[in-house]
Amino acid sequence: MGNGLEGSIPKSLVNLGNLENLDLSVNKFSGGIPEEFGNFQKLVYMVMSDNKLSDIPMQIGECLSLKQLDLADNQLNGSLPTQLFELLNLTDLYLNNNTLIGTIPALIGNLNSVETLTLYHNNLHGEIPKEIGLLGKLQNFYLYENQFSGEIPLEIGNCSSLQMLDFFGNQFTGRIPVTIGRLKNLKLLHLRQNDFSREIPSTLGNCKELTILDLADNHFSGGIPKTLGFLESMEQLMLYNNSLEDLSINSLTGIIPPELSSCKKLTHIDLDNNLLDGLLVLSLDKNSLNGTLPPEIGDLSSLKVLNLERNQFYGQIPATISKLSKLYELRLSQNRFDGDIPAELGQLHDLQSVLDLGNNNLTGGIPPSIGILSKLEGLDLSHNELVGKIPSQIGGMSSLGRLDLSYNNLQGELDEQLSHWPADVFAGNFKLCGRPLVTQCNTEDTEHVRSRLSTSSVVAITATLTLAGVVILLLVGLILVSRRKHQWEDIMEATHDLSDEYIIGSGGFGTIYKAELPSGEIVAVKKILRKDDPFMDRSFAREIQTLGRIRHGHLESTTKKVGINLDWEIRLKIAVGLAQGVEYLHHDCVPKIIHRDIKILTWFAGSYGYIAPEYAYTLKATEKSDVYSMGIVLMELVTGRMPTARTFGVNIDMVRWVESHMEMSALTRDESVDPALKPLLPKEESGVFQLLDIATVPAERPTSRQVCDHLFHISNTSKMVDSEKKTIV
């Protein structure tokens, strides 16, 4: 394995009559597998992946002891030899990443011991034979990126051991067979980019182990089965082209089942461009849903209850909610909504139970139109950043039984009609005065009252300090859910007056420090090294605004250097997480966000070496330049070298260095891999080099979404190898 061997495979190997394990993977063997290999009567493992082999001999069917046959990542052409299906003891058959053509024959049913079958990345076509149902031990079935068509046979439901089923990128049509509901061990069902149609079968709710259900880019119609709510292990539900739950651009109709609220691990929902008619109750509270609330929410004309509280929605509350004329209850509390409260909410004349917008980041004044809601029994606007006087119309709402305006920045004298409410209703508004508050009003106090920060107003702190002409601006991390006020003294003490030992990175505008506060919270502190620069002030303000509105599990600063303690599995997770984060910025943020500074943060890391070459003459950052920077990070993960390392030589950057090694012998190519990752299994090594391939084609860079999909498949293969592939002695 991995010895840089070339030429034809020597026929004389067959003289090793008692041989059980033969591993010739990761070499440069070409031509066909010798016909004489059919005489290997005791051979159990034949591993020849990652070569340049072109033919599978018919005699392979005479190796009756074979349990594992791995011919992946070669140049195999032609159709599948029928003799392959005489290997009745075969448990693992890897033929992926070749140029095979033809169909899967009905003889596939003979392989009733097979557990792993990978045929992805070929040119196979036709229908899956119903004999596939005879493979009762099949656990991993990968056919993605071929040209298969027709319907998936009902007999697939007889493959009772199936865990991973990936048919992505084919031409399958018709329904998803209801018999898939029999697959109790199924964890992955990936059917994206096919031509499936009709309804999504409710029997999918029986697949209780399912963690990823991807039905995006098809032609499904009808409703979303309420039985999907039974899938409590589900982490990703994709009904369009997204990384978590996305219902966009389909022809789905009917109600969104409330049972979906049982899927506690779902992290994103988008209801754009659907035909959801007759929806009365939309209750998705106490989840981790994020993103903006689309204006199309106003098209749910029959809606009576909208409950999205305790999630991570952000952005403005769409004024189109006012079109929900039948709305009885509106709960949007404990999210991250910002901007003004839409005055149009006053048009919700049937709103009665409650209007709860508490614990958000809402600004501006309280719209007087709220006072028109004559039926409203509960109003909660607490823990926001609302300013101005409380409209007199609020005091005139005779139907109100519950009111909470506490912890805002409201000011002025309370209307007499509000005097009957308890003082707690107005607590935390330090500029309010008059009954029922203890603070009494006078003109001088009203005009000159000292401005103070409320406990709910701090999302980012900017402090100015003159120290040898240096302006220090503090950018506090996005983890301030409770929005407590951080004291300047705490930050300076936590960093020993911004000592170098607390530096975790640097960017184009300054140095970043790590501060662990007495409360246990860890925040990032950015020091800007110039002052009186209007351009920098505007850029910094934009940075705060941008960071304040993006929410994604993979958008966090990395403070560890890629080091010898990170094995392949961990580095692959980092790569997938990075790709998902960039994909989110490019494809799921409105407007899209260009990161501009993707890199691995180390003590002395700047941005040099990560910047796309075209930026030097265009000075314009694009999605493609982000992808280039991401590719450099992927190379860094594989090679263990920084992009500016002197070991590349004079006038040679990391990309050219990697390309030159990839084009040379296997032994030289192996030198591009971080020694800390070795030894690698053949499949792992293949995944490593695929990571490098992503970044070495700058002229035709993929989108971040394509990179994410590619890494997703590499990760899937890695997991499969880790759990399924036998150890070769």
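Strands E25 (residues 312-316) and E27 (residues 336-340) run parallel and are joined by three bridges; two strands are taken to pair if DSSP finds at least two bridges between them. Strands (E, at least two residues) and helices (H or I, at least four) are DSSP runs, numbered from the N terminus. The model is a predicted one, in which local features need pLDDT of at least 70 and side-chain atom pairs count only at pLDDT 80 or more, while totals for chains, interfaces and linings use all residues. Residues are numbered from 1 along each chain as its sequence is written, and side-chain values use heavy atoms, with hydrogens and water left out.

Within the E25-E27 pair, Gly315 has Phe337 of E27 as its bridge partner, and Gln316 is partnered by Asp338 of E27. Strand E27 is also joined to E29, again by three bridges and in parallel, and here Gly339 has Leu362 of E29 as its bridge partner. These strands belong to an open sheet of four, with the order E23-E25-E27-E29 and parallel pairing. Strand E23 (290-292) and strand E29 (361-363) stand at the edges with a single partner strand each, so one side of each has no neighbour in the sheet. From one strand to the next, the twist averages 10 degrees, where axes are lines fitted to C-alpha atoms (for helices over the stretch in contact) and angles run from 0 to 180 degrees between N-to-C directions.

A further open sheet holds six strands, in the order E22-E24-E26-E28-E30-E32, with parallel pairing. Its edges are strand E22 (281-283) and strand E32 (402-404); each has a single partner strand, so one side of each is left without a neighbour in the sheet. The twist in this sheet averages 10 degrees from one strand to the next. At one of these edges, E22 pairs in the parallel sense with strand E24 (residues 305-307) over three bridges, and Val281 stands opposite Val305 of E24.

Strand E13 (residues 147-150) offers a handy view of two faces: Phe148 and Gly150 make up the covered face, and Gln147 and Ser149 the uncovered one. In a regular strand the side chains alternate between the two faces of the sheet. Strand E13 pairs with strand E11 (residues 125-126) in the parallel sense over two bridges, with Gln147 of E13 as the bridge partner of His125. Two bridges also join E13 to strand E15 (residues 171-174), which runs parallel to E13, and Ser149 stands opposite Gln171 of E15.

Turning to the interior, 54% of the 729 residues of the chain count as buried, where buried means under 20% relative accessible area, exposed over 50% and partly exposed in between (1.4 Å probe, protein chains only). The largest nonpolar core has 68 residues, of which Met48, Leu95, Phe141 and Ile180 touch the most other members. Such a core is a set of buried Ala, Val, Leu, Ile, Met, Phe, Trp, Tyr and Cys residues joined through side-chain atoms within 4.5 Å. Domain 1 (1-100) and domain 2 (126-278) both give residues to this core, so it lies between them; the domain bounds come from an automatic or database domain assignment. Apart from this core lies another, of 45 residues, including Leu293, Leu355, Ile366 and Leu418. Leaving aside residues up to four places away in sequence, Ile180 touches Ile156, Leu165, Leu186, Leu189, Leu204 and Cys207, a contact being heavy atoms within 4.5 Å.

Pro57 is found in the loop between strand E5 (52-55) and strand E6 (68-70). This residue counts as buried because its relative accessibility is 10%. Pro57 touches Ile33, Pro34 and Glu35, not counting residues up to four places away in sequence. The C-alpha atoms of Pro57 and Leu84 are separated by 9.4 Å, with the two residues 27 apart along the chain.

Lys527 carries the annotation "binding site" in an unreviewed UniProt entry. UniProt positions are given in the numbering used here, feature names are shortened, and annotations may be inferred rather than shown by experiment. In the model, Lys527 is placed in strand E37 (residues 522-528). Its relative accessible area is 17%, so Lys527 is buried.

Across the whole chain there are 11 helices and 37 strands. Of the contacts with a separation of 6 or more, 52% are between residues 24 or more positions apart.
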